[in-house]
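Please find below a colleague's note on the model shown here, set out as numbered points. Each point takes up one topic and can be checked against the coordinates.

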Amino acid sequence: MKVGYRTIKTALGTPIAIWIAQLLQLENFVSAGILTILCIQITRKRSFLTSWYRFSACLIAMGFSYIFFELLVGFNPIAIGLMLFAFIPVTVRLKLTQGIVTSSVIILHLYISGDIGWSIIWNEIVLITVGIGTALLLNLYMPSLENKLEDYQKRVEENFRVILKEIATYLREGRDSWTGKEMAETEEILEKATSLAFRDVENHLLRIHNRHYHYFHMRTKQFDLLQRMLPLVSRITPPSKHGGRIADFFDELSEAVHPGNTAVLFLHQLNDMKEEFREDELPETREEFEARASLFHLLHEIEQYLIFKSSF
């Protein structure tokens, strides 16, 4: 069984928050641990936002509690229902819905107190600060995702090489023994890698550009093009002069799948190849015409594939 960092932080933060609350001799000190559990998040950005939402919602809940319990209805169960009936829509309107559960803990503390004075208000503010603050401090440390992202990158690039090689082989020889497992595998890797890269973005609050996120976004768009290329390739009956020329081009592309940017050179080479095809003799039969149309469509898709890489 693998224990994640979030579990470790929760197991450490909960007793720490309770211990601090006890040292400060706060009423309902155990609730500091509950607040810490609720505020442990998987990214720094989410942690800061969650802490802000919960803290703000708790302050608003104190105000509503005073109005309903002390001024309007009194300390009875009906007052809790009426207060929540008014409080929840306000938090939704202010986009603080993540703080509703946390606020409920504070509301019940104030209800049990039977008298909302400055001492109980101060107790709850310190309790909230300890619980949320402990979680916030623990969430400042996030494990590096660099190695995992680099591993995903290598696996995607290796699969891209295989896919391009297999397309080249089919165009040259017509051999279709390829199982296509790299397509399904690449799609799964890209989904995981993009999600992980987004987590990496949220872990760097001051970094504007995230290389991994943009990289996997680019590869996802290229992969969509590769998926569109396969039906086009299947319509081409090898061997053909143009098919062999494109097969050589795919072979060269497969050798150049890496983070570096050589796409501009291939775009020039592709334009030259398109000009050669245009100057060639026109097809004589319907089959030749359809095959030529598929080849030109394939060249267009390859061009888009290279444009995505050159933009990255």
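1. In which helix is T134 found? T134 is found in helix α6, which spans residues 118–138; helices here are DSSP runs of H or I with at least four residues, strands are runs of E with at least two, and both are numbered from the N terminus. With a relative accessible area of 9%, T134 is buried, where buried means under 20% relative accessible area, exposed over 50%, and partly exposed in between, using a 1.4 Å probe and protein chains only. Leaving aside neighbours within four places in sequence, T134 is in contact with G13, I16, A17, I20, T36 and T129, a contact being heavy atoms within 4.5 Å.

2. On the basis of the note: this is a predicted model, in which local features need pLDDT of at least 70 and side-chain atom pairs count only at pLDDT 80 or more, whereas totals for chains, interfaces and linings use all residues. Residues are numbered from 1 along each chain as its sequence is written, and side-chain values use heavy atoms, with hydrogens and water left out.

3. On the overall architecture: the protein chain has 12 helices and zero strands, and its pattern, read along the sequence, is α-α-α-α-α-α-α-α-α-α-α-α. Of the 312 residues in the protein chain, 43% are buried. Among the contacts in the protein chain with a separation of 6 or more, 77% are accounted for by residues 24 or more positions apart. The exposed area of the protein chain is about 17,000 Å², and 61% of that area is supplied by carbon and sulfur atoms; accessible areas come from the Shrake-Rupley method with a 1.4 Å probe, and for residues only the protein chains shown count as cover.

4. On one helix pair: two packed helices are described by the angle between their axes and the distance between the axes. Helix α3 (residues 44–72) and helix α4 (residues 77–93) pack at an angle of about 140°, and their axes are 10 Å apart; the axes are lines fitted to C-alpha atoms, for helices over the stretch in contact, and the angles run from 0 to 180 degrees between N-to-C directions. Helices α3 and α4 are therefore oblique to each other, given that angles under 35 degrees count as roughly parallel, over 145 as roughly antiparallel, 65 to 115 as roughly perpendicular, and the rest as oblique. The contact is made by A57, I60, A61, F64, S65, F68 and F69 on the α3 side and by A79, I80, L82, M83, A86, F87 and V90 on the α4 side.

5. On the cysteines: why is C39 in no disulfide with C58? A disulfide is a covalent bond between the sulfur atoms of two cysteines, and the rule applied here asks for a pair of cysteine sulfur atoms within 2.5 Å. The closest cysteine sulfur to that of C39 is in C58, at 8.3 Å, which is too far for a bond, and by this rule the count of disulfides comes to zero. C39 counts as buried, at 0% relative accessibility, and C58 likewise counts as buried at 0%.

6. On two polar residues within helices: R54 has its place in helix α3 and is buried, with a relative accessible area of 9%. Not counting residues up to four places away in sequence, R54 touches L38, C39, Q98, G99, T102 and I132; R54 and L38 are 16 residues apart in sequence, and their C-alpha atoms are 9.2 Å apart in space. D251 is found in helix α10 (residues 241–255) and is buried, with a relative accessible area of 17%. With the residues up to four places away in sequence again left out, D251 touches K165, A168 and R172.

7. On backbone angles in two loops: Q25, a residue other than glycine, has a positive phi near 55° and lies in the loop between α1 (5–23) and α2 (31–39). At 70% relative accessibility, Q25 counts as exposed. K95, also a residue other than glycine, has a positive phi near 60° and lies in the loop between α4 and α5 (100–113). K95 is exposed as well, with a relative accessible area of 66%.

8. On the last numbered helix pattern entry, α12: A293 has its place in helix α12 (residues 286–311) and counts as partly exposed, at 39% relative accessibility. The C-alpha atoms of A293 and L232 are separated by 9.4 Å, while the two residues are 61 residues apart along the chain.
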